[in-house]
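Please walk me through this protein model. Start with the sheet, then take the aromatic rings, and finish with the pocket.

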Amino acid sequence: MITLYGIKNCDTVKKARKHLDSLGVDYHFHDVRVDGLTKEQITAWQDRIDWATLVNKRSTTWKQLDDAQRESLSEQNFADLIVANPTLLKRPVVESPQYLFVGFKAAELDQFAV
């Protein structure tokens with residue numbers, strides 16, 4: 001099963017969803033703002049991809065963190081910060097048993113073409 005993690009009003013998530021729909025891909029949409037994230041999910045992703053890739057440092061949420069939180073961000077504490085602030089997650093995250101993609105790149109999503 002393919003799961004796309006994001007928020008429904010994010011333009012990049014909208015592009016990814018539209019692309020998957022155009023390919024006829026069956027996927028589950030997980031709204032991180034509504035459905036949340038667990039530390040276990042995030043640390044499992046960390047085993048598959050560099051942790052820093054998962055943090056959206058261009059987001060409004062990042063900019064609203066205090067300086068101490070931004071400066072102390074590390075591999076050890078980033079998962080807790082994302083669980084507490086799910087919109088810090090770089091979007092979308094597309095997960096399947098074989099793949100884990102962060103951000104929207106049509107060529108990556110084409111892997112799921114049926």
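The paragraphs below follow that order. The coordinates come from a predicted model, so every value here is computed from a prediction.

Begin with the sheet. Four strands make up an open sheet in the order 2-1-3-4, and the pairing is mixed. Which strands stand at the edges? They are strand 2, residues 27-31, and strand 4, residues 100-102. Each has a single partner strand, so one side of each is left without a neighbour in the sheet. On average, neighbouring strands of this sheet are turned by 15° against each other, direction ignored.

Now take the strands in turn. Strand 1 covers residues 2-6 and pairs with strand 2 in the parallel sense, over five bridges. Two opposite positions help to fix the register. Thr-3 of strand 1 stands opposite His-28 in strand 2. Gly-6 stands opposite Asp-31, again in strand 2.

How much of strand 1 is buried? Five of its five residues are buried, so the strand is mostly covered. In a regular strand, side chains alternate between the two faces of the sheet. Strand 1 can be read in that way. Ile-2, Leu-4 and Gly-6 point one way, while Thr-3 and Tyr-5 point the other way. All of these residues are buried, whichever way they point. Strand 2 has a free side in the sheet. Even so, four of its five residues are buried, so strand 2 is largely enclosed by the rest of the structure.

Move to the other edge. Strand 3, residues 93-95, runs antiparallel to strand 4, and three bridges join the two. Here Val-94 stands opposite Phe-101 in strand 4. Phe-101 leads on to the aromatic rings.

The whole structure holds five aromatic pairs. A pair of aromatic rings is described by the distance of the centres and the angle of the planes. Take Tyr-99 and Phe-101 to begin with. Their rings are 5.3 Å apart, centre to centre, with 20° between the planes, and the pair is stacked. Tyr-99 also pairs with Phe-112. These ring centres are 5.6 Å apart and the planes stand at 90°, so this pair is edge-to-face. The cut-off for that label is over 60 degrees.

Where do the two partners of the edge-to-face pair sit in the chain? Tyr-99 is in the loop between strand 3 and strand 4. Phe-112 is in the segment after helix 7, which spans 106-109. The two residues are 13 apart, and the pair links distant parts of the chain. Together, Tyr-99, Phe-101 and Phe-112 form one aromatic cluster.

Are the members of this cluster buried or exposed? Phe-101 has a relative accessible area of 11% and is buried. Phe-112, at 9%, is buried too. Tyr-99 has 29% relative accessibility, so it counts as partly exposed. The buried class ends at 20%, which is why Tyr-99 falls outside it.

Next comes the stretch before strand 3. The peptide bond from Arg-91 to Pro-92 is cis, with omega near -15°. Pro-92 lies in the loop between helix 6, residues 78-84, and strand 3. Helix 1 comes into view here. Lys-15 lies in helix 1, and Lys-15 is exposed, with a relative accessible area of 51%. Lys-15 and Pro-92 are 77 residues apart in sequence, yet their C-alpha atoms are 9.6 Å apart in space.

Asp-21 is another residue of helix 1, which runs over residues 11-23. Asp-21 has a relative accessible area of 49% and is partly exposed. From Asp-21 to Leu-88 there are 67 residues in sequence and 25 Å in space, C-alpha to C-alpha.

Finish with the pocket. The largest pocket has a volume of about 400 Å³. Its lining consists of 18 residues. Which of them lie nearest the centre? They are Thr-12, Asn-56, Arg-58, Lys-90 and Arg-91. Arg-91 has appeared already, at the cis bond to Pro-92. By type, the lining divides into five nonpolar, seven polar and six charged residues.

Terms used:
Residues are numbered from 1 along each chain as its sequence is written. This is a predicted model: local features need pLDDT of at least 70, side-chain atom pairs count only at pLDDT 80 or more; totals for chains, interfaces and linings use all residues. Side-chain values use heavy atoms; hydrogens and water are left out. On a 1 Å grid over the protein atoms alone, a cavity is a set of points where a 1.4 Å probe fits but cannot get out, and a pocket is an open set with protein on both sides within 12 Å along at least five of seven lines; lining residues have an atom within 4 Å of a point. Grid points are joined across faces, edges and corners, and a volume is the space filled by probe spheres set on the points. Ala, Val, Leu, Ile, Met, Phe, Trp, Tyr, Cys and Pro count as nonpolar, Asp, Glu, Lys and Arg as charged, and the others, Gly among them, as polar. Two strands pair if DSSP finds at least two bridges between them. Axes are lines fitted to C-alpha atoms, for helices over the stretch in contact, and angles run from 0 to 180 degrees between N-to-C directions. Rings of Phe, Tyr and Trp (its six-membered ring) pair if their centres lie within 6.5 Å; planes under 30 degrees apart count as stacked, over 60 as edge-to-face and the rest as tilted. Buried means under 20% relative accessible area, exposed over 50%, partly exposed in between (1.4 Å probe, protein chains only).
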